[in-house]
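Open the model in your viewer and keep the selection panel at hand. Each stop below gives a selection and then what is found there.

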Amino acid sequence: MKNLVEIKNLEVRFDLKEGIVRAVNGVSLDIASNRTLGLVGESGCGKSVTARAILRILPARGRIVRGNVLLQPRDEDGDEPIDLTTLDPQGEMIRRIRGADIAMVFQEPMTSFSPVHSVGNQICENIRLHQNASRKEARGMAIDLLGLVGVPNPAQRIDAYPHELSGGLRQRCMIAKALSCRPRLLIADEPTTALDVTIQAQILELIDRLKRDQGMAVLMITHDLAVIAETADDVAVMYLGRIVEQAPARTLFESPLHPYTRGLLKSIPVLGSGQQGRLESIQGSVPDPFSVPGGCPFHPRCPDRIKGVCDIGEPPELKEEEEGRSVACHLYGRG
Amino acid sequence: MNAGMSIPPEPENDGRLSADDSMSQEKLYLASQWRLMWWKFVDHRLALCSMYLLCLFYFVALFCGFFAPHNPSQRARDLSFAPPQRVHLVHEGRLRGPFVYPRIQHFDQELALLTYTEDRSRVQPIRFFVRGDTYRFWGLVETSVHLVGLRDGGRLYLMGADRLGRDLFSRILYGSRISLSIGLVGVFLSLVLGIVIGGISGYFGGVTDTVIQRFIEILMSIPSIPLWMALAAAVPPTWSQLTVYFCMTTILALIGWTGVAREVRGKILALREEDYAMAARAAGVKEFRILMRHLVPGFTSHLIVVVTLAIPAMILAETALSFLQLGLRAPTISWGVLLQDAMNLQAVNLYPWLIWPTAFVVFVVLLFNFLGDGLRDAADPYRH
Amino acid sequence: MIEYIIRRVLIMFPTLFVISVIVFTVIQLPPGDFLTTYAINLEQSGEPVAMEVLDALRERYGLDKPMVVQYFKWIGGILLRGDFGQSFGHWRPVKDLIWERLGLTASIALITIVITWMIAVPIGIYSATHQYKLSDYAFTFVGYIGLSIPAFMLALLVMNAAHMKFGLDVGGLFSDEFIDAPWSLARVVDLLQHIWVPVLVLSVGGTAGLIRVMRANLLDQLELPYVETARASGLSETKLLLKYPVRVAINPIVSTIGWMLPQLFSGSVIVAMVLSLQTTGPLLLRALMDQDMHLAGAMIMILSALTVVGTLISDILLAWVDPRIRFERQTS
């Protein structure tokens with residue numbers, strides 16, 4: 001089966017006063033229907049920018065300089081896939097895709113809704129933008145959606161303003177909005193970071209259930225490996241704008257290859273694992289994005305760096321190491 | 001900002017931040033708030049230029065006797081409504097340095113007007129540091145040296161003359177003394193009032209706070225322009241120039257302090273909730289000391305902005321009131337007093353230079369607005 | 001919400017009482033009273049002063065009584081009979097004097113507000129969405145100048161320019177032949193030919209200020225995540241801008257309507273002087289200079305009351321347009 005969305009060699013730059021930032025630097029990803037792809041990395045690694053590049057909603061100073069984002073057409077009538085990077089970011093084409101084929105759930109449920117419009121208004125807007133529905137029909141659909149995502153008393157809550165709802169409820173409303181046009185790809189950008197732990201689990205479960213029911217693809221963006229472990233089928237690990245490792249979730253957690261992935265996994269406490277002493281953490285901090293180190297970008301923090309190899313030349317390329325898993329590291333594939 | 005501008009290190013040097021780079025970064029983190037503000041402010045070209053120009057204005061106002069070519073009250077009947085003199089450089093094809101031609105007064109029978117023509121045969125060179133009208137330097141030293149002027153008591157009128165033949169340029173410079181200082185003094189007074197009353201309100205809280213806040217609300221409900229006018233009208237015209245001057249500043253301050261008081265109170269209340277204040281309190285530091293240590297540094301920058309933006313309003317208020325003959329009155333010279341002449345349409349029509357004071361007022365207010373905006377941006381150095 | 005409004009209305013009464021005391025004190029500040037000044041003026045012009053008349057007047061208005069008595073006489077008249085007293089300068093009831101000028105004053109203020117809004121809001125939106133572009137800088141710069149020129153100086157400049165360039169006398173609101181004429185179509189046309197000058201002069205400062213506020217508010221809103229959410233749902237940029245950030249940014253401005261009117265009333269005083277308009281402005285100035293205390297007191301009092309009511313209207317409006325504030329007030 002063909003992938004729903006294929007990202008090929010995507011590069012996004014930000015032209016800032018302080019210099020150029022290559023926020024996404026040659027990223028390739030395949031997102032398949034009915035599966036969840038987890039994109040994980042520390043903040044500032046370019047995972048959110050990747051998501052925004054798919055939808056073409058990059059901030060004003062960001063631009064795609066290279067690469068393609070190919071979306072399979074909705075009707076399987078043999079149409080060529082649409083390259084989203086060639087579309088006018090304000091044009092009709094991409095706007096028909098946004099919110100309909102590809103929907104997004106944002107991190108901050110408080111500020112992601114307009115404070116002066118009811119949530120129902122904002123959900124209905126999404127419905128009426130992409131479907132031929134009257135005001136009344138849209139309202140009915142919105143109430144159904146709110147019920148679907150587990151909002152109690154949906155017929156009353158639909159008229160609530162964001163500040164009248166709890167964080168969890170707001171995020172449920174956000175998901176309802178995103179799902180309102182049965183998208184084929186749901187991008188969830190840190191959907192649970194701002195929520196309490198108990199609510200987090202509920203929301204993740206909800207997304208997972210909806211994915212299965214509707215057969216959509218999910219791109220789950222997070223810095224939290226626990227979230228990945230809970231939801232993802234496949235995982236891509238990002239560091240400074242590049243993908244450093246890609247593998248099925250199980251494999252990745254059982255035997256991580258890249259030193260960065262290993263570092264990330266080691267920094268999670270595991271209960272009852274009989275771990276001794278302190279938690280390990282990755283040494284140093286993420287470098288300044290204006291001055292990315294030469295060679296492998298991770299080498300200054302890497303415990304296994306090879307002098308004279310890792311710190312010079314081009315960064316290592318992402319190569320398939322085993323069936324279905326790739327890694328970008330000089331430690332592998334050197335014979 | 002320094003760190004951001006740095007060139008990415010060469011791949012050879014281990015990829016770590018260079019020593020220089022981390023130094024500058026450290027400098028940024030450790031820089032005092034004032035340092036940061038200053039850096040940010042210097043970035044703001046327009047504000048910086050405005051500040052220098054304003055300093056120049058105040059400097060000239062301080063030494064207006066020296067900078068003004070003439071005594072502002074010196075009348076010259078033969079120069080009534082004389083137009084501004086053109087400064088020439090070339091006389092009969094020869095470069096002669098800056099000079100003016102003397103004026104000859106005519107009486108136009110038809111229009112019943114005095115008119116002036118240049119006597120092109122004689123050259124009056126403009127000299128620097130010439131002796132002219134005597135003036136007392138800050139009321140102390142008597143001298144007669146002026147920055148520019150003509151020799152032998154010749155009268156150099158760069159911006160023309162008023163009805164009594166007085167030099168408008170000198171009058172504007174002398175007027176700046178009052179108009180510019182009234183803003184500063186008025187703002188200073190309102191600042192003191194505002195800090196004290198707002199401080200009491202925020203520090204003691206409770207009933208005191210409620211009463212003061214209610215009072216401020218009430219005072220703010222009375223429209224300021226009519227109130228200013230009413231208060232200014234109450235100043236008896238028989239009082240001396242100096243007394244009227246102080247009355248005016250007090251009146252301006254009486255109405256201006258409410259804003260400052262609210263800000264101070266709000267800041268104190270907000271500070272009480274801050275974690276570091278809580279921590280200090282838990283450590284047994286006295287309340288007043290907490291306020292002094294944390295509020296004052298954090299708030300001074302903010303106050304400077306408020307004050308800078310309040311000064312032009314005061315200058316304008318003085319100008320407006322004097323213009324309406326409710327404030328300062330002749331023989332006091334202020335920009336507002338000078339503008340009274342511009343009220344006469346007929347006169348301005350014939351003698352358009354009479355509106356020169358407007359240009360000065362607008363320019364100074366514009367400079368203050370630029371400066372205030374620059375400071376406001378700078379006062380928030382971590383933003384953007 | 002209703003409870004909140006009732007509470008605010010109740011607070012208004014003591015507020016107005018204190019204001020009336022302050023206003024009365026202020027207009028009583030100058031030494032002597034109008035009748036003294038009047039008598040001196042008569043004497044100087046050589047006319048005989050009818051002491052009996054003066055004394056009768058003094059008694060009638062209680063000018064010989066202590067301040068407190070005078071105050072209660074004054075405020076009592078206003079509250080009980082709607083009688084603002086007699087203008088000494090005009091020898092007519094204050095109410096009539098103000099009433100006949102109120103219409104023009106209010107129309108100038110209203111037209112000014114409408115024009116200010118019509119110009120400032122679109123420019124503010126344009127400036128914010130084109131931040132750091134040349135056009136934004138241009139508008140910002142023009143705005144600075146607009147803010148720095150006080151209205152009365154602008155009035156002077158406009159008047160002089162009109163006079164010099166076109167030989168027009170743009171002062172006043174009517175041509176000479178219409179000043180005392182009854183209302184007619186021709187008089188209205190004549191009024192419209194004159195009213196643009198004060199409206200222009202008065203709207204410049206307000207427009208410049210409003211552009212700045214609108215631009216700053218909108219810039220703040222444009223950075224917020226909900227704009228991105230709306231964009232991600234496929235809304236077109238224009239619709240998005242108008243429905244979300246502009247709506248939120250304009251809320252605090254909408255609520256200023258309440259006190260904009262009284263502010264313009266008092267702000268136009270000096271302009272009205274310069275342009276010699278038949279509005280309340282010159283009336284107030286004259287009254288203050290002549291110690292015509294009933295007239296001056298009534299006018300300042302009315303302006304203050306308008307401000308107090310306007311503030312209340314503003315607060316209610318703000319709660320009406322912004323559900324967050326409505327919510328806050330309901331729960332508080």
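The tour covers a sheet in one chain and then a contact between two chains.

This is a predicted model, in which local features need pLDDT of at least 70, side-chain atom pairs count only at pLDDT 80 or more, and totals for chains, interfaces and linings use all residues. Residues are numbered from 1 along each chain as its sequence is written, with chains lettered from A and ligands numbered from 1 in the order in which they are written.

**The sheet**

Select chain A and show its strands (DSSP runs of E, at least two residues, numbered from the N terminus; helices are runs of H or I, at least four residues). Eight strands form an open sheet with mixed pairing, in the order 6-7-8-3-9-10-12-11. Strands count as paired if DSSP finds at least two bridges between them.

Go to the edges: strand 6 (102-105) and strand 11 (319-322) of chain A each have a single partner strand, so one side of each lacks a neighbour in the sheet.

Next, select residues 185-189 and 217-222 of chain A, which are strand 7 and strand 8; they pair in the parallel sense over five bridges. A:D189 is found opposite A:I221 of strand 8.

Add residues 167-179 of chain A: this is helix 6, which packs on the sheet and touches strand 6 and strand 7 of chain A. Touching here means C-beta atoms, placed from the backbone, within 7 Å.

**The contact between chains**

Now show chain C with chain A. The contact takes 25 residues from chain A and 20 residues from chain C. On the side of chain C that touches chain A, helix 9 (225-232), helix 11 (245-254) and helix 15 (323-331) of chain C give two or more residues. Helix 9 of chain C gives the most, with six residues.

Terms used: Contact = placed C-beta atoms within 7 Å. Axes fitted to C-alpha atoms, helices over the stretch in contact; angles between N-to-C directions.
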